[in-house]
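Visitor: Please take me through one part of this model in close detail. I would like to begin with the domains and then move in to the ligand and the loops around it.

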Amino acid sequence: TVSVILFTSDLRVHDQPALAAAVREADEVVPLFVLDRGVRRSGFDAPNRLAFLADSLTALDEELRERGGRLVLRTGDVAEQVGRVVTETGARTVHLAAGVSAYARRREDRLRAGLSGLRCGLRVHEGVITVVPPGAVTPANRDHFAVFTPYFRRWAEVAPRRVLAAPRSLTVPELPGHPLPRRRSVTGTAPALARGGEREGRERLRRWLARDLDGYAEHHDDLPGDATSRLSPHLHFGTLSAAELVQRARGRGGPGAQAFVRQLAWRDFHHQVLAARPDAAHADYRPRGDRWRGDEREIAAWKEGRTGCPVVDAGMRQLRHEGWMHNRARLLTASYLTKTLYTDWRVGARHFLELLVDGDIADNQLNWQWVAGTGTDTRPGRVLSPLAQARRFDPHGAYVRRWVPELADLGDREIHSPETLDPARRARLGYPDPLIDPAEGRARFRRARGLD
Ligand code: FAD
């Protein structure tokens with residue numbers, strides 16, 4: 001018998017339930033990835049993610065070859081291509097990880113419909129992408145949790161599934177495929193983009209567990225310390241398994257591990273919200289009657305990291321340079337756009353998705369909504385003060401100095417508020433004046449929401 005495993009956001013061989021089931025149940029397995037026309041048309045294959053994907057496909061192919069197999073790549077419409085492979089091989093089952101986005105759901109439906117005519121079944125595996133499958137824990141009388149803390153309490157009680165070893169060997173039938181995409185052929189990527197691939201991810205995980213996990217609770221908000229795991233792109237592409245991360249962190253124990261596991265639960269939380277409310281990718285989860293402003297000059301300054309608010313500009317420039325941004329900086333830059341400038345969260349979410357290597361529909365859109373107060377934040381009216389946040393999380397200005405070199409020579413006290421310098425000194429910096437006084441922005445936002 002032949003089975004197909006269609007890889008999507010699960011580009012790994014370790015702890016890969018869909019691959020394990022295919023190898024266990026069939027004599028021959030087709031490890032298939034489709035460079036899907038639908039995904040490409042949606043613009044979701046922005047250069048940073050496409051480059052990381054190329055690395056990850058190359059690495060997956062290597063892992064499979066070490067086990068006697070290889071990755072088969074096709075391009076085109078996903079349902080059509082899977083149908084072709086099934087016809088070519090006489091496969092009886094296609095294995096697929098359950099997805100949460102509207103696109104993933106539609107893909108499942110289309111595959112199921114197409115395959116039934118070919119006498120081939122579709123097996124959708126839960127718990128491949130998230131630790132706890134969406135819908136596995138629910139509050140009384142609702143299909144999902146809208147608040148994180150009670151979700152987390154129930155999430156933490158769920159018995160973990162067994163973490164699986166990589167298959168030892170597999171046999172792939174003869175069939176044609178396209179050459180794998182290569183990272184070097186992707187243009188327009190961020191200068192300091194991380195490398196993708198399962199081996200790279202596992203190495204980063206090993207170092208993280210050994211060196212930094214213990215200090216995570218204390219240092220995860222420290223902007224210049226950069227003391228978070230940076231595993232997010234590996235989780236997005238599934239080159240690491242979230243379930244395995246939780247198991248290994250719990251195995252170590254301590255406050256760092258606890259705090260890290262809690263962050264991974266945030267990822268599951270957003271996935272279960274999106275699974276229940278796929279429209280929340282675009283529509284307000286909790287509409288507030290916002291009449292967002294949309295000042296093109298301000299939006300452009302925000303994107304370029306030239307708002308005149310140093311910590312915000314530092315975050316935006318890190319995003320452009322690395323295709324990644326520290327979580328605290330994401331919170332600050334998003335709050336600045338949506339609340340201080342009172343600009344529609346969708347504008348910011350779109351820009352993040354163009355650049356973030358970990359850009360993810362569930363995590364990006366729902367974090368943006370959380371910050372904008374249209375999502376699951378239980379205090380939607382709070383507005384972060386960029387100055388207070390900068391003084392707290394970048395007390396000596398080292399993060400700003402790293403990303404905003406115009407300000408590198410300023411002292412610790414003045415670096416977060418260069419607008420207070422005398423005009424002659426300010427003029428020499430070549431750094432823009434603030435777009436707005438944050439206190440004014442805050443007042444405007446709260447008035448607009450009817451909060452004051
Ligand atoms: P760590 O601190 O090491 O955390 C470990 C893992 O936990 C992360 O890799 C991530 O998978 C998960 N995690 C941590 N915080 C969150 C969170 N708030 N929501 C969901 N998962 C979380 N994360 C993405 O993966 N993709 C996105 O597109 C994305 N967009 C965001 C947009 C905004 C406006 C904000 C405020 C946050 C966004 N996040 C997103 C969440 C978070 O900022 C990143 O997951 C984190 O910065 C990644 O760095 P890390 O791997 O070092 O995180």
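Guide: The C-alpha centres of domain 1 and domain 2 lie 24 Å apart. Their contact takes 20 residues from domain 1 and 19 residues from domain 2, where two residues are in contact if their C-beta atoms, placed from the backbone, lie within 7 Å. On the domain 1 side, the residues that touch domain 2 comprise eight nonpolar, six polar and six charged ones. In these classes, Ala, Val, Leu, Ile, Met, Phe, Trp, Tyr, Cys and Pro are nonpolar, Asp, Glu, Lys and Arg are charged, and the others, Gly among them, are polar.

Do keep in mind that this is a predicted model: local features need pLDDT of at least 70 and side-chain atom pairs pLDDT 80 or more, while totals for chains, interfaces and linings use all residues. Numbering starts from 1 along each chain as its sequence is written.

The protein is divided into domain 1 (2-128), domain 2 (130-158 + 197-276) and domain 3 (296-448), with bounds from an automatic or database domain assignment. Domain 2 and domain 3 each supply at least three residues to the shell around the ligand.

Let's move in to that ligand. It is surrounded by 27 residues, the closest being Thr228, Ser229, Ser232, Asn364 and Asn367; a residue belongs here if its C-beta atom, placed from the backbone, lies within 6 Å of the ligand. Two or more residues of the shell come from each of α9 (232-237), α11 (255-276), α14 (327-340) and α16 (361-372). Helices here are DSSP runs of H or I with at least four residues, numbered from the N terminus. By class, the shell holds 10 nonpolar, 11 polar and six charged residues.

UniProt, in an unreviewed entry, places the feature "binding site" at Tyr216, Thr228, Ser229, Arg230, Leu231, Ser232, Phe260, Asp358, Gly359 and Asp360. These positions span 145 residues in sequence, and the farthest two C-alpha atoms are 23.1 Å apart, so they do not all gather at one spot. Such annotations may be inferred rather than shown by experiment.

Two of these annotated residues, Ser229 and Arg230, make a nice pair to look at. Ser229 lies in the loop between α8 (216-219) and α9, and Arg230 is in the loop between α8 and α9 too. Ser229 counts as buried because 22 C-beta neighbours lie inside 10 Å, whereas Arg230, with 17, counts as partly exposed. The cut-offs are 20 or more other C-beta atoms within 10 Å for buried, 12 or fewer for exposed, and anything in between for partly exposed, with C-beta atoms placed from the backbone. Leaving out residues up to four places away in sequence, Arg230 touches Ala194, Arg204 and Trp324.

α16, one of the helices contributing to the shell, leads on to another loop worth a visit. Gly381 sits between α16 and α17 (386-393), and with 14 C-beta neighbours inside 10 Å, it is partly exposed. Beyond its neighbours within four places in sequence, Gly381 is in contact with Gly373, Arg446, Arg449 and Leu451. Gly381 and Arg449 are 68 residues apart along the chain, yet their C-alpha atoms are separated by 7.9 Å.
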